Amino acid sequence: MATLIDDAAAEQALTSSLMDVFEAQRRAYMDECPVSLDIRRDRLDRAINILMTHGDDLCDAMAADFLSRPRLMSMFSDIAPAVKALRYAKKHVARWMRPERRALEFPLGLLGARGEIRYHPKGVVGLISPWNFPVNLTFGPLAGILAAGNRAMIKPSEMTPETSCLMESLIGRYFDSKELCVVTGGVDVGRAFSSIPFDHMLFTGATSVGRHIMRAASETLTPVTLELGGKSPVLLSRTADIGQAAERIMIGKMMNAGQICLAPDYCLVPSEHMQEVHDELVAAAERLYPTVKDNADYTAIVNAHHKTRLYDHIVDARNKGALITDVNPANEAFSREDTDTVMPLHIIQRTTNDMTIMQEEVFGPLLPLVPYDSIDDAITYVNERERPLALYYFGKDRNEERLVLDKTLSGGVTVNDVVWHVGHESLPFGGVGASGMGAYHGHEGFLTFSHARAVYRQTGFNLAKMIGLLPPYGKKLKQTLRMQIGK
């Protein structure tokens with residue numbers, strides 16, 4: 001009992017300390033409003049400067065957290081896209097901030113009345129970022145958060161402690177804690193953090209955790225944007241260039257060892273092309289990574305727990321009749337007991353729905369192949385499952401492509417490649433259903449973290465009297481109704 005009381009007291013103290021930070025940011029926000037263009041650009045500039053000045057240090061921290069992570073890949077996947085997002089927001093924020101005139105319908109628009117939308121900062125945003133791209137998925141969302149004029153509290157993942165601690169230090173040097181701050185810690189900190197009554201909260205991570213975040217947010221009526229994951233399918237058409245598709249799939253699947261929310265999770269393949277697709281995938285993987293274990297261009301699994309989870313999928317699939325190809329061109333020694341967390345690609349055939357790998361997001365270098373007979377069968381297979389974060393179609397038949405796009409629903413789509421739709425700030429990024437809700441990137445990010453405030457300006461005329469809205473109601477109001485709705 002004493003332990004339970006101690007734990008409850010510690011959690012209450014933790015929540016209280018986080019509330020102190022939140023309330024200080026909220027007071028500073030209220031004192032500052034309106035948040036000028038210059039202030040927004042200055043904050044975006046400071047975020048950019050962190051990445052440009054300390055990008056190498058952040059890459060070192062990510063390599064330490066993963067034990068093996070290529071520097072150039074970290075620069076490409078974490079530093080560059082975050083810088084691009086922040087610069088894009090800085091370039092466009094003046095236009096995004098302008099009040100937007102709206103035409104008014106009868107009778108409210110009579111005699112010079114005007115309507116507009118003003119985009120107002122929401123206030124203090126809570127940002128919970130994940131471990132797989134810890135820098136990009138912290139600083140990328142800040143583009144929209146800061147452009148919209150908000151302040152933010154950040155809870156990065158405890159699974160990448162070196163990176164999280166470095167971000168805490170750097171942000172503390174470049175920003176006052178009342179503008180932007182980082183809170184590090186484990187599950188207890190995350191639980192307390194998600195209970196804060198933020199003006200908006202963004203969570204990027206697993207669907208299972210997203211449900212807990214949303215449940216906690218419901219207690220304070222905090223609006224949430226959830227960027228989750230799911231089983232993003234590749235649909236290979238009979239018209240696809242299989243060799244080209246295989247290489248592009250492997251590039252997306254093996255980057256970061258498949259630890260990407262948008263990674264191809266499984267491939268739907270025409271039944272008669274299963275062997276050819278398998279062979280082309282193996283050949284592409286071997287070209288890209290002729291060695292795996294000591295390959296400086298390959299990323300390790302983030303920790304032993306996740307490596308064990310992936311090997312459990314393999315054992316489960318094999319026990320249920322799957323045919324598994326271990327793509328290991330240099331015949332290196334791997335085992336699930338190794339303290340080294342590097343893991344080669346496994347291609348899995350003869351899958352069944354009762355296998356765990358077909359029920360859970362893979363998030364690693366395992367790729368199931370699922371045969372289909374007709375395009376309708378493939379579409380049905382996708383639609384019988386929870387809506388994915390992404391869908392990838394390879395093929396040259398535009399009518400079939402249109403059918404797939406019309407008949408399925410996913411967060412985003414890349415055609416004849418994988419993952420690339422996330423790389424463009426002009427396109428919104430977000431999930432749907434179990435893969436998330438809401439979107440950010442570019443203008444959509446600004447809108448997500450802004451309150452669209454309606455403003456109506458009335459003229460000096462007594463509109464209510466003109467349209468017969470003053471009691472007693474009678475002939476004039478009937479005429480108004482006939483003009484409005486014909487009755």
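Q: Why is R71 called partly exposed?
A: The relative accessible area of R71 is 37%. Buried means under 20%, exposed means over 50%, and partly exposed is in between, with a 1.4 Å probe and protein chains only. R71 falls in between, so the label is partly exposed. This is a predicted model: local features need pLDDT of at least 70, side-chain atom pairs count only at pLDDT 80 or more, and totals for chains, interfaces and linings use all residues. Residues are numbered from 1 along each chain as its sequence is written, and side-chain values use heavy atoms, with hydrogens and water left out.

Q: What makes R71 and D60 a salt bridge?
A: Their closest N and O atoms are 2.1 Å apart. A salt bridge needs a side-chain nitrogen of Lys or Arg within 4 Å of a carboxyl oxygen of Asp or Glu. The pair meets that cut-off, so R71–D60 counts. The bridge links distant parts of the chain: R71 sits in helix α3, D60 in helix α2, 11 residues apart. Helices are DSSP runs (H or I, at least four residues), strands likewise (E, at least two), numbered from the N terminus.

Q: Why does D60 count as partly exposed?
A: D60 has a relative accessible area of 41%, which puts D60 in the partly exposed class.

Q: Which residues do salt bridges with shared partners join into one network?
A: E32, D42, R43, R46, R151 and E179.

Q: How many salt bridges does the structure hold?
A: The count is 22. One of them pairs R43 with E32, the closest N and O atoms being 2.8 Å apart. R43 is in helix α2 (residues 37–66) and E32 in helix α1, 11 residues apart in the chain. R43 and E32 are buried. Side chains of opposite charge can pair when their charged atoms come close.

Q: What makes D45 and K90 a salt bridge?
A: The closest N and O atoms are 2.8 Å apart, so the pair is within the cut-off. D45 lies in helix α2 and K90 in helix α3 (residues 71–97), 45 residues apart. D45 has 28% relative accessible area, so D45 is partly exposed. K90 is partly exposed because its relative accessibility is 30%.

Q: Why is Q25 called buried?
A: Its relative accessible area is 0%, so Q25 falls in the buried class. Q25 is placed in helix α1 (residues 2–32).

Q: What does Q25 touch, apart from residues up to four places away in sequence?
A: The list includes V124, A152, M153 and C181. Contact means heavy atoms within 4.5 Å.

Q: What makes the Q25–A152 pair a polar contact?
A: A polar atom of the Q25 side chain lies 3.1 Å from the backbone oxygen of A152. A polar contact is a pair of N or O atoms within 3.5 Å; within protein, one must be able to donate a hydrogen and the other to accept it, and residues adjacent in sequence count only if both atoms are side-chain atoms. The distance is inside that limit, so the pair fits.

Q: Why is S232 called buried?
A: S232 has a relative accessible area of 0%, hence the class buried. S232 is in the loop between β7 (224–227) and β8 (233–236). Its side chain reaches the backbone nitrogen of A390 at 3.2 Å. Beyond four places in sequence, S232 touches residues including C261, D265, Y266 and Y392.

Q: How many disulfides does the structure hold?
A: Zero. C33 is in no disulfide, and the nearest cysteine sulfur, that of C181, is 18 Å away. C181 is in no disulfide either; the nearest cysteine sulfur, that of C165, is 14 Å away. A disulfide requires a pair of cysteine sulfur atoms within 2.5 Å, so these distances do not qualify.

Q: Why do C33 and C181 get their exposure labels?
A: C33 has 25% relative accessibility, so C33 is partly exposed. C181 has 10%, so C181 is buried.

Q: Why does L111 count as partly exposed?
A: L111 has a relative accessible area of 40%, which makes L111 partly exposed. L111 is in the loop between β1 (100–102) and β2 (114–121).
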